[in-house]
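User: Please take a close look at the sheet of this model and at what surrounds it. I would like one connected account that stays with the computed geometry.

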Amino acid sequence: MAKIGIIICARYKNCGGGKCFRSMKERVGAFSIYPESEPLEIVGFSNCGGCPGGNIEYVPEEMRKNGADENGADVIHLATGLIVGYPPCPNIRRFKAFIEKAYGLPVVIGTHPIPQKYMDVHEKLPFWKEGGMAELAGLLINEPVEIKKKYN
Ligand code: SF4
């Protein structure tokens, strides 16, 4: 059983999380790291608090504490919105480093596959290469086009 906390970009704070939850069920994108046989539980869903991301300092602790059996999140996912928003979150690497150091929780970049319609645009923009997105978000990018189209 993996207990998962998801933190989304506050620019999309009204998002219902549909693609994140669907990709968890389908084990695609960043959720492809978990074997089909492993049960997954969401123990927290929140946002960064708005630029520059003050909630990152506190919300992982709440996620860590508040699991069903008081053993909360054992992994944090920074949602795909941090990558596909324009511009992508400039702090994503800092968030990952902070949460891993401060709370000892591993951080996975992303949730659902990158929608193909975003790939089509972002691949033409220089920041995509300059920002090392292929390396940072490989789990989200490297899904087949047919799957990424399903997340448009
Ligand atoms: S761009 Fe980054 S810091 Fe700004 S609201 Fe989104 S996740 Fe938070």
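Analyst: Angles between a helix and a strand are taken here between N-to-C directions and run from 0 to 180 degrees, with axes that are lines fitted to C-alpha atoms, for helices over the stretch in contact. The model is a predicted one, and with that convention in hand the sheet can be described strand by strand.

The sheet is open and is formed by 4 strands in the order β2-β1-β3-β4, with parallel pairing. Its edges are taken by β2 and β4 (107-109), each of which has a single partner strand, so one side of each is left without a neighbour in the sheet. From one strand to the next, the twist averages 25 degrees.

Strand β1, which covers residues 2-8, has 6 of its 7 residues buried, and it is therefore largely enclosed by the rest of the structure. The burial cut-off behind that statement is 20 or more other C-beta atoms within 10 Å of a residue's own. Towards β2 (residues 40-47), β1 pairs in the parallel sense over 7 bridges, and alanine 2 has leucine 40 of β2 as its bridge partner. Towards β3 (residues 75-78), β1 again pairs in the parallel sense, over 4 bridges, and here isoleucine 7 has leucine 78 as its bridge partner. The chain links β1 to β2 by way of helix α1 (residues 18-26), and these three elements make a right-handed β-α-β unit.

Between α1 and β2 there is a loop that holds arginine 27. The phi of arginine 27 is near 55 degrees, which is a positive value in a residue other than glycine. Arginine 27 has 15 C-beta neighbours inside 10 Å and therefore counts as partly exposed.

On the other side of the order, β3 and β4 run parallel and are joined by 3 bridges, with histidine 77 standing opposite valine 108 in β4. Helix α4 (residues 92-103) lies across β3 and β4, and its direction makes an angle of about 160 degrees with that of β4.

Two cis peptide bonds deserve separate mention, and each can be placed in a loop. One joins cysteine 51 and proline 52, with omega about 10 degrees, and proline 52 sits in the loop between β2 and α2 (59-65). Another joins tyrosine 86 and proline 87, with omega about -5 degrees, and proline 87 is found in the loop between α3 (81-84) and α4.

Cysteine 51 and proline 52 also belong to the residues around the ligand, which brings the account to that site. The residues around the ligand further include Cys9, Ala10, Arg11, Cys48, Gly50, Gly53, Leu82, Cys89 and Asn91. By class, this shell around the ligand divides into 7 nonpolar residues, 3 polar ones and 1 charged one.

Methods
Residues are numbered from 1 along each chain as its sequence is written. This is a predicted model: local features need pLDDT of at least 70, side-chain atom pairs count only at pLDDT 80 or more; totals for chains, interfaces and linings use all residues. A residue is buried if 20 or more other C-beta atoms lie within 10 Å of its own, exposed if 12 or fewer, and partly exposed in between; C-beta atoms are placed from the backbone. Two strands pair if DSSP finds at least two bridges between them. A crossover is right-handed if, with the strands pointing away from the viewer, the path from the first strand over the helix to the second runs clockwise. Two residues are in contact if their C-beta atoms, placed from the backbone, lie within 7 Å. A residue is near a molecule or strand if its C-beta atom, placed from the backbone, lies within 6 Å of it. Ala, Val, Leu, Ile, Met, Phe, Trp, Tyr, Cys and Pro count as nonpolar, Asp, Glu, Lys and Arg as charged, and the others, Gly among them, as polar.
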